[in-house]
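Thanks for coming. I will take a few minutes on one structure, so please look at the screen while I talk.

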Amino acid sequence: MEAESASSKSSSKISIKNDHKQQAKTKRFTDYYYAYNTSPSKDDSNNNNSSGDNNNNSYLIDLKKKIDQKIMRNNWNRTGQRRRVNDSSTSITPGQLLPEVHVQHETDSMQSLLGYNHFEGEWSDKNSTTYHVAIVFGKSLIQDQISIEYASRIRTLVKMIKEEEGFRPKLICFTGGNKNSTTTISDAAAGYVYFRHLCASQNIRLDTSQTKIWVDKHNGNERETMERVASELWRKYIKSWLQERPLTERLNQHYGVGWHILERRVDIHFTLVSTEYHLCNLNDVHHRSPSKSFLQPLVSLRGLVGSDRWVNRDELEAMDPNYSSSVHVSRTGSSSSSLSTTTTSSSERARFAGIENSVDTSWSFQYATFPFLHGKEDSVVFLGQCYLLGEELTPLLVNMKGVVEQTEFFQRDNYLLLTSIRRSLVSLVEALYTDKGQSIRAGVIKYFQSQGRNRFTKEDVKIIVLLESALLNLGRCIDLVKPAGLLVGSVPAPTWARALDALEKSMNNIQIVCDPDQPLDPEDWGKL
């Protein structure tokens, strides 16, 4: 009875501990959904004015509870598939300033990203012997200045270091070169300077002997960036980390013949820090197009990274006098290790297979919220919505490049995504022709006026021309790939190349006029 009671108490404690851990995760998940689902409608605003703040607070509390329940019941779709909502809600109602376009928050990609963190584990879910590496993805500077979005990414990392006890990466990587010819310093270097400034303003002290910094100043896409990170780890860190790990003995048996192997293992966990839409694209591409995944270099680090062979135990001790104290012997049944004896026979030497070094990698996503979807100015919200629609085409772009290179099949889900994004973009562009559209166009010009962004953002006519050109190219792309998308016919190779060209032109036009990013206000430099 006492044993049963002790067992019951133990299981109860474990259950309570797991409940607390799950609640902590749910709180982090709620941060995202709360930000995107608690914007009241006009009707709600009128009701709130009449019923007072108490009803509004009660409404928000109930909404958060429902969101929590939804997250808990969710099965965390990890396929990376996005399903967009296209119904009457995308149309413009009389008096409405902007259409209710379902942009990032109505897709499954964010649930897929959160689900990946949930199942694979964040940094805090790893064991104490794991080596942590943080990677901050850079964003192009504006007039040699940190932008608002880039700053939000770096703030996310600094908040983790400040608020999450125990998060001290062995290596922090800043990435990004001089993508813009008008800048004189790299994105990574500017990000590192801002990171240091934030740490100083927040009284955060980093032990440079424990946390190293690497600034990657080279240009390239995410795949090339990850390849350089993996190369840097292998050249300067992994080998020394392996030497720090203890030797563990493993007995291998095959057809009744057994041999002993000493192994060292290094577990590396990467915390990828960027804006939510960017991380969603990394995750989606990894699931949809594994061969072209931007994260493939991190996967390639896994496995055996070399083995050392010695004849016997005496030679091991000659190479490393402290090796015997670091060996953790694994015994099966009553059998004992051949390496634990004081003498070494010829048969024991034959059964010793040497030392194996192995590496295992994992990663989790730490996102910063896109800061322009909930601005006070309707022109900024308009730009943010258009920009995210263009960025959502990235997984399709990667897939179509694979089709043109004849390394992938076209995925029908991407065709549905393409048609859906075009319909959403049409709704947004149509808003520019309403009575409120003139103020939106004027607001866009005024927003970019101080920067002198480019010749396309100085006149509303040029803005509309570029957006309509983007719609035209998206429509051309849809027409060219429609037989494959609807599974009614094949598409010749030259046609795929033309469709890819149209898609790239469309995405480029959207990025030119719709990226709402601005230089960070000097007054906000030290703020989290």
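Start with strand β5, residues 257–275. This is a predicted model, and in it 15 of the 19 residues of β5 are buried, so the strand is largely enclosed by the rest of the structure. Which way does β5 run relative to strand β1, residues 131–136? The two run parallel, and 6 bridges join them. To find one place in that pairing, go to I135, whose bridge partner in β5 is L272.

Now go from β1 to strand β2. β1 is also joined to β2, by 4 bridges, and these two strands are parallel as well. Here A134 stands opposite I172 of β2. β2 covers residues 171–175, and 5 of the 5 are buried, so this strand too is largely enclosed by the rest of the structure. In a regular strand, side chains alternate between the two faces of the sheet. What is the situation on each face of β2, buried or exposed? Both faces are covered: L171, C173 and T175 are buried on one side, and I172 and F174 are buried on the other.

For context, the whole protein has 18 helices and 8 strands. Its 528 residues include 48% that are buried. Taking the contacts between residues at least 6 apart in sequence, 79% join residues at least 24 apart.

Next, two buried side chains. The first is W123, in the loop between α4, residues 109–120, and β1. With a relative accessible area of 11%, W123 is under the 20% cut-off, so it counts as buried. Which residues does W123 touch, setting aside those up to four places away in sequence? They are H132, M160, E164, E165, G166, F167, H269, T271 and S364. Of these, H132 falls within the residue range of β1, and H269 and T271 fall within that of β5. There is also a long step in sequence here: W123 and Q366 are 243 residues apart along the chain, and their C-alpha atoms are 9.9 Å apart in space.

The second is N283, in helix α8. Its relative accessibility is 1%, so N283 counts as buried. What does the side chain of N283 pair with? It makes a polar contact of 3.1 Å with the side chain of S112. Beyond its neighbours within four places in sequence, N283 is in contact with S112, L113, Y116 and F365.

Helix α8 takes us to the pocket. The largest pocket has a volume of about 1700 Å³. How many residues line it? There are 48, and S140, K179, Y387, E391 and Q511 lie nearest its centre. By type, the lining divides into 12 nonpolar, 23 polar and 13 charged residues. Five helices each supply at least two residues of that lining: α7 (222–244), α8 (276–288), α13 (378–391), α14 (394–404) and α18 (493–514). Which element gives the most? That is α18, with 6 residues.

While we are on α18, look at N508, which lies in that helix. N508 is partly exposed, with a relative accessible area of 40%. Its C-alpha atom is separated by 8.5 Å from that of G390, 118 residues apart along the chain.

Last, two backbone points to check. Q143 sits in the loop between β1 and α5, residues 148–163. Phi of Q143 is near 55°, a positive value in a residue other than glycine. Q143 is partly exposed, at 46% relative accessible area. The other point is Q406, in the loop between α14 and α15, residues 412–431. Its phi is positive too, at about 60°, although Q406 is not a glycine. Is Q406 buried or exposed? It is exposed, with a relative accessible area of 66%.

To go back over the main items: β1 runs parallel to β5 and also parallel to β2. The largest pocket has 48 lining residues, with α18 giving the most. That is what I had, and I will take comments now.

Definitions and conventions: Residues are numbered from 1 along each chain as its sequence is written. This is a predicted model: local features need pLDDT of at least 70, side-chain atom pairs count only at pLDDT 80 or more; totals for chains, interfaces and linings use all residues. Side-chain values use heavy atoms; hydrogens and water are left out. Buried means under 20% relative accessible area, exposed over 50%, partly exposed in between (1.4 Å probe, protein chains only). Two strands pair if DSSP finds at least two bridges between them. On a 1 Å grid over the protein atoms alone, a cavity is a set of points where a 1.4 Å probe fits but cannot get out, and a pocket is an open set with protein on both sides within 12 Å along at least five of seven lines; lining residues have an atom within 4 Å of a point. Grid points are joined across faces, edges and corners, and a volume is the space filled by probe spheres set on the points. Ala, Val, Leu, Ile, Met, Phe, Trp, Tyr, Cys and Pro count as nonpolar, Asp, Glu, Lys and Arg as charged, and the others, Gly among them, as polar. A polar contact is a pair of N or O atoms within 3.5 Å; within protein, one must be able to donate a hydrogen and the other to accept it, and residues adjacent in sequence count only if both atoms are side-chain atoms. Contact means heavy atoms within 4.5 Å.
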